[in-house]
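Take a look at the model below. Keep it in view as you read this report.

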Amino acid sequence: MSAAHSPRTASQRIAWITTIVSATLVFIFLMAPILAIVPLSFSSSTYLTYPLPGFSLRWYIDFLSSARWMSSLKNSVIIGVSSACLSMVLGTIASLGLAQWKSKWKPLVLALVLSPMVVPVVITAVGVYFFFAPLGLTGNYLGLILVHTALATPFVVITVSATLQGFDMTLARAAASLGAPPLLTFRKVILPLILPGLASGALFAFATSFDEVVTVLFLAGPEQRTLPREMFSGIRENISPTITAVAVVLTVISVCLLSTLEFLRRRNERLKGNVE
Amino acid sequence: MTAAFVAGADVPLKRRLKRSERARQLRALGLVMPLLAFLLFTFVIPLAGMIWKSVDDWEVPQVLPHTVAALEHWNGQGLPDEAAYAALAADMRAARDAGTLPVAAKRLNYVVNGFRTTLLSTARKLKEQPAPGTAKETLIGLTPAWGERESWTAIKSASGPVTSYYLLAAVDLTRNADGAIVSAPEDQAIYRDVFIRTFTIGIGVTVLCLVLGFPVAYLLANLPTGRSNLLMIFVLLPFWTSLLVRTCAWIVILQSEGIVNGSLQWLGVIDEPLRLIYNRFGVYMAMTHVLLPFMILPLYSVMRSISPAYMRAAASLGAPPTTAFWRIYLPQTIPGIGAGCLLVFILAIGYYITPALVGGAADQMISAFIAFYTTETVNWGLASALGAVLLLSTLVLATVYGKLALGRQTTGGLKN
């Protein structure tokens, strides 16, 4: 339908060209930070200025050989993977329930489940800090994993629910009518079909936790400093070229996550096409 | 399965269906329960606890229990009776021994500036010289402030169990000695400005996002799918890039020896580097960049569903393109504009990290103050009250957004 954009008159053509030009400028604005920071990370100079005096990998080596950065990377992965797993389990089970549950309370419950996404993170962080501190859940991994799970679960619920919406429930009924117990139906019929959706949900959850810094600022002890937390203090104090190298590494990770998601989305659409 | 059918054969089918449906619903609810229980523990109770902290007035009743009890029947006129003085003296001695007096002193200092000194120095002198005479004479003798009504109304106003002090303070109000609500003193009345600043930045960022996002969404919605998917990468890649990476990059670009200033100086446009970061300009720049995808995505999804036939119909009926755009196209994008603007505004007013890193002291938004009172000055009551006001604003806007988005069933810029 939209492919049929064909400007006919001169004024329409001008409007279309104006759109293209202004959109291009916005695309440049959107890509500017990434484009600016990538070359700097390969600079041989300690100053973050152009033109680059020379090419070097020293800042990447600096990142890889720094105990502080490596431990923060490890922390980010530990917390990210744990909260992704936990939010996957909770979010998927809840989505399965929400898909079947009919009640006048459903919008309210849905709003509650999605609210961690809307409430400003600072408020969540402060509330959780007050609540967790007396329980001994600050300054350790568990507290951070729990909060990140709460923040990530809405994304899992949205993604998995969207997948379930496209899922043909008659397949589950067919399995049941052939005598499969519910768990077997889930494992053999539902799970393989919704797996791409689940994987996207897990990636969303991981990305949410991997990029989160506000709750880490409040809850983490010195032992739990994550990559974003380390970057936050680095930016606050003085941006060293090592930070630009870390930034590029993080961007590469984002690109990988994004392409995996895109791949999963395409595959899901193909699968849906086959089912229909 | 079959056994159940046989056993229930005498029950009418309708009721059996109903029963099985009810069981199904219960099972469905049972599946949602673990998540609800989890969120109760990690989200709902913490938020409720924060709101409670914004009215909780525990310090004085806990540290000076007898004084609070003795003041219960004091009508606030004149000075309280000897019993209250004696109770205060006893409470102060006990609290000083227990080391809890600074807690109450801090709380009372919010009501009357300088009360901390009054309380702590009286307690210290009280310990040094257990003087003869009535408690009233002793206390007034040690610190004349105890002969003033304001000192006692301060204690009474902080006697709990709940207080409106923090919530009033969050909107620059306070109670005077008679309990009437009045404007807070000039030097403490800063939060209205902070809220206005927060909303101003929020509106500014929303407008910028709309202006920048509209042509992009329009272009993406009107290109052939293949090309628009390709260009979508330019929107999604920054969207997926870490917030800190983007903030860091903006500092690198905008700082005084950064790329923009460097190029401008090289071109000879300016002699002195412009101040582009650590001020409001930097905040707008970085926040607009971070939030722009949240505007583009809902706009795009709405524009994609607008059939080009309408515009063609308008043109064939003789409407000039501008008229057709304003009267036919734009009204159809209103749901997308509404959803995008609300989403960007909701997210913008809660921002903390970006203004903290690229803003100056005068660009800090309400979140920064919440964080400051939580971790730096440990004024948890005020932090909670400011949080409660921000939470309320967010929830009201989010409800409006929910109604809008539910009506259209768009995914409204969520990450999918």
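## A loop residue with an unusual angle

This is a predicted model. Start in chain B, in the loop that joins helix H19 (366-375) to helix H20 (380-408). B:Val378 sits in that loop. Its phi is positive, about 50 degrees, although B:Val378 is not a glycine. Is B:Val378 buried or exposed? Count the neighbours: 9 C-beta atoms lie inside 10 Å. A residue with 12 or fewer is called exposed, so B:Val378 counts as exposed.

B:Asp172 also belongs to chain B. Its loop runs between helix H10 (165-170) and strand E1 (173-175). B:Asp172 is not a glycine either, yet its phi is positive, at about 65 degrees. Here the count is 18 other C-beta atoms within 10 Å. Burial needs 20 or more, so B:Asp172 is partly exposed.

## Chain B as a whole

Now step back to the full chain. Chain B holds 20 helices and 2 strands. Its C-alpha trace spans about 100 × 95 × 40 Å along the principal axes. The radius of gyration of chain B is 31 Å. A compact globule of 416 residues would have a value near 22 Å.

What share of the 416 residues in chain B is buried? The figure is 43%. Next, consider contacts in chain B between residues with a separation of 6 or more. Of these, 70% come from residues 24 or more positions apart.

## Where the chains touch

Chain B meets chain A through 76 of its residues. On the other side, 81 residues of chain A take part. Which helix of chain B gives the most to this side? It is helix H2 (residues 13-53), with 19 residues.

What kinds of residue form the side of chain B that touches chain A? There are 52 nonpolar residues, 18 polar ones and 6 charged ones.

## Two domains in chain A

Chain A is divided in two. Domain 1 covers 2-41, and domain 2 covers 67-275. Their centres, taken over C-alpha atoms, are 33 Å apart. The contact between them uses 5 residues from domain 1 and 6 residues from domain 2. On the side of domain 1 that touches domain 2, 4 residues are nonpolar, 1 is polar and none is charged.

## Two helices in chain A

Helix H1 of chain A runs over residues 10-41, which makes 32 residues. From first C-alpha to last, it reaches 46 Å, close to the 46 Å expected at 1.5 Å a residue. There is a kink in H1(A), though. It lies at A:Met31, shortly before the proline A:Pro33, and is about 50 degrees. A:Pro33 itself is buried. Other buried residues of H1(A) include A:Ala23, A:Val26, A:Leu30, A:Ile34 and A:Ile37. In general, an α-helix has 3.6 residues a turn, so residues three or four places apart point the same way.

Helix H5 of chain A (residues 121-132) has 12 residues. The expected span is 16 Å, and its end C-alpha atoms are 16 Å apart, so the two values agree. How many of the 12 residues of H5(A) are buried? The count is 12 of the 12, so H5(A) is largely enclosed by the rest of the structure. Among them are A:Tyr129, A:Phe130, A:Phe131 and A:Phe132. A:Gly127 and A:Thr124 are buried in H5(A) too.

Conventions
Residues are numbered from 1 along each chain as its sequence is written. Chains are lettered from A and ligands numbered from 1 in the order in which they are written. This is a predicted model: local features need pLDDT of at least 70, side-chain atom pairs count only at pLDDT 80 or more; totals for chains, interfaces and linings use all residues. Domain bounds come from an automatic or database domain assignment. Two residues are in contact if their C-beta atoms, placed from the backbone, lie within 7 Å. Ala, Val, Leu, Ile, Met, Phe, Trp, Tyr, Cys and Pro count as nonpolar, Asp, Glu, Lys and Arg as charged, and the others, Gly among them, as polar. Helices (H or I, at least four residues) and strands (E, at least two) are DSSP runs, numbered from the N terminus. The radius of gyration is taken over C-alpha atoms; the globule rule is 2.2 Å times the number of residues to the power 0.38. The expected span of a helix is 1.5 Å times one less than its number of residues. The bend at a residue is the angle between axes fitted to the seven residues ending there and the seven starting there.
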